[in-house]
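Please look over the sequence and the structure shown here before reading on. The briefing that follows takes the overall make-up of the protein, then its strands, and then its pockets.

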Amino acid sequence: LYAMWVAPDARRRGVGRALVDAAMRWSRFAGAGTLALKVTDRAPAAEAMYRTLGFADTGTSEALRPGSDIAGRVLVAQLGPLVMGIVNTTPDSFSDGGSYLDPELAIAHGLALIRAGADLVDVGGEATNPKAAPVDATEEWRRIEPVIRGLTAAGATVSVDTTKAVVARAAAEAGASIINDVSGGLFDPEMSSMLAGFGGTYIAGHLRGANLTEVFAAEGKITWREVAAELADRLAALPASI
């Protein structure tokens with residue numbers, strides 16, 4: 001975090017805290033594990049604010065900026081993982097199947113998850129429960145469209161849980177900024193081309209098989225090294241732009 005400055009007449013109004021909090025939130029979404037900054041002994045109020053936000057002194061000092069003879073102590077905050085809230089608009093999901101079939105209830109639940117601390121809400125319209133009935137893209141989109149639109153209109157960061165390219169595309173156009181594909185693109189060969197112009201975040205899950213029937217039939221022991229290698233192959237097959 002570099003060169004943040006609050007005008008004197010705007011201080012003591014929470015502006016600095018809001019700026020740092022926004023930077024921490026952006027950094028977490030960008031995948032950062034830590035956020036560092038430098039502060040001088042001339043700014044005790046700023047340092048106190050940083051500490052209340054979770055920054056700790058590393059015990060090292062560096063030039064405040066390139067070429068400066070003023071040193072600043074390096075403070076670092078450890079950024080926690082993002083918390084994803086789940087909203088299933090399905091009758092047959094594992095934990096909440098049937099609870100949020102009504103779009104208004106689903107939207108209210110998603111916003112309640114945000115208030116409880118979730119950073120984003122994942123909306124799904126087709127269950128991966130082995131006992132669940134598969135649905136086509138039309139039905140899946142019917143279930144999730146009003147929920148995605150309602151949550152994004154309320155300012156929530158929305159992820160769509162889908163393996164279908166046509167649903168992913170429609171969800172992105174409706175405001176979803178994350179595609180959570182448990183198949184990593186294996187279920188729908190069109191997913192790769194859809195992602196080429198997406199511009200958001202794609203979560204590639206790990207499964208073995210071209211559909212859920214094959215996935216459950218192929219279940220067995222697998223090492224993390226095999227998972228990593230297979231995910232690397234999947235990512236290599238996706239557009240370089242994502």
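The protein has 8 helices and 8 strands, and the model in which they are seen is a predicted one. Along its principal axes the C-alpha trace spans about 65 × 40 × 30 Å, and 38% of the 242 residues count as buried.

**Strands 5 and 6**

- Strand 5, which covers residues 120-124, pairs with strand 6 in the parallel sense, and 4 bridges join the two.
- One of these partnerships can be picked out by residue, as G124 has D161 of strand 6 for its bridge partner.
- Between the two strands the chain passes through helix 4, residues 137-153, and this β-α-β crossover is right-handed.
- Strand 6 is covered on both of its faces, with V158 and V160 buried on one side and S159 and D161 buried on the other.

**Strand 7 and its neighbours**

- As a general rule, side chains in a regular strand alternate between the two faces of the sheet.
- In strand 7, residues 178-181, the residues I178 and N180 point one way while I179 and D181 point the other way, and all of them are buried.
- On one flank, strand 7 pairs in the parallel sense with strand 6, residues 158-161, over 3 bridges.
- Two positions help to trace this pairing, since S159 has I178 of strand 7 as its bridge partner, and D161 stands opposite N180 in strand 7.
- Strand 6 and strand 7, together with helix 5 (residues 165-173), make a β-α-β unit that is right-handed.
- Strand 7 also pairs in the parallel sense with strand 8, residues 201-204, and here there are 4 bridges.
- I178 therefore takes part in both pairings of strand 7, being the bridge partner of S159 and having T201 in strand 8 as a bridge partner.**Helix 2**

- Which residues of helix 2 are buried? They are E47, M49 and Y50, and because they cover an arc of only 160 degrees around the axis, they lie on the same side of helix 2.
- The face of helix 2 that is turned away from this buried side carries the exposed residues P44, A45 and T52.

**The largest pocket**

- The largest pocket holds about 940 Å³ of space, and of the 28 residues that line it, those closest to its centre are M4, W5, A43, A46 and Y50.
- The elements that give two or more residues to this lining are helix 1 (15-29), strand 1 (34-39) and helix 2 (44-52).
- Helix 2 gives the most to the lining of the largest pocket, with 5 residues.
- By residue type, the lining of the largest pocket divides into 18 nonpolar, 3 polar and 7 charged residues.

**The second largest pocket**

- The second largest pocket has a volume of about 330 Å³, and of its 20 lining residues, the closest to its centre are E126, P134, T163, F187 and L212.
- Helix 7, residues 212-217, supplies the largest share of the lining of the second largest pocket, namely 3 residues.
- The lining of the second largest pocket is made up of 9 nonpolar, 6 polar and 5 charged residues.

Definitions and conventions. Residues numbered from 1 in each chain as written. Predicted model: local features only at pLDDT ≥ 70, side-chain atom pairs only at ≥ 80, totals over all residues. Heavy atoms only, no water. Buried < 20%, exposed > 50% of the residue type's maximum accessible area, 1.4 Å probe, protein only. Pairing = 2+ DSSP bridges. Right-handed = clockwise from strand over helix to strand, strands pointing away. 1 Å grid on protein atoms, 1.4 Å probe; cavity = no way out; pocket = protein on both sides within 12 Å on 5 of 7 lines; lining within 4 Å. Points joined across faces, edges and corners; volume = space filled by probe spheres on them. Nonpolar A, V, L, I, M, F, W, Y, C, P; charged D, E, K, R; others polar. Arc of directions from axis to C-beta.
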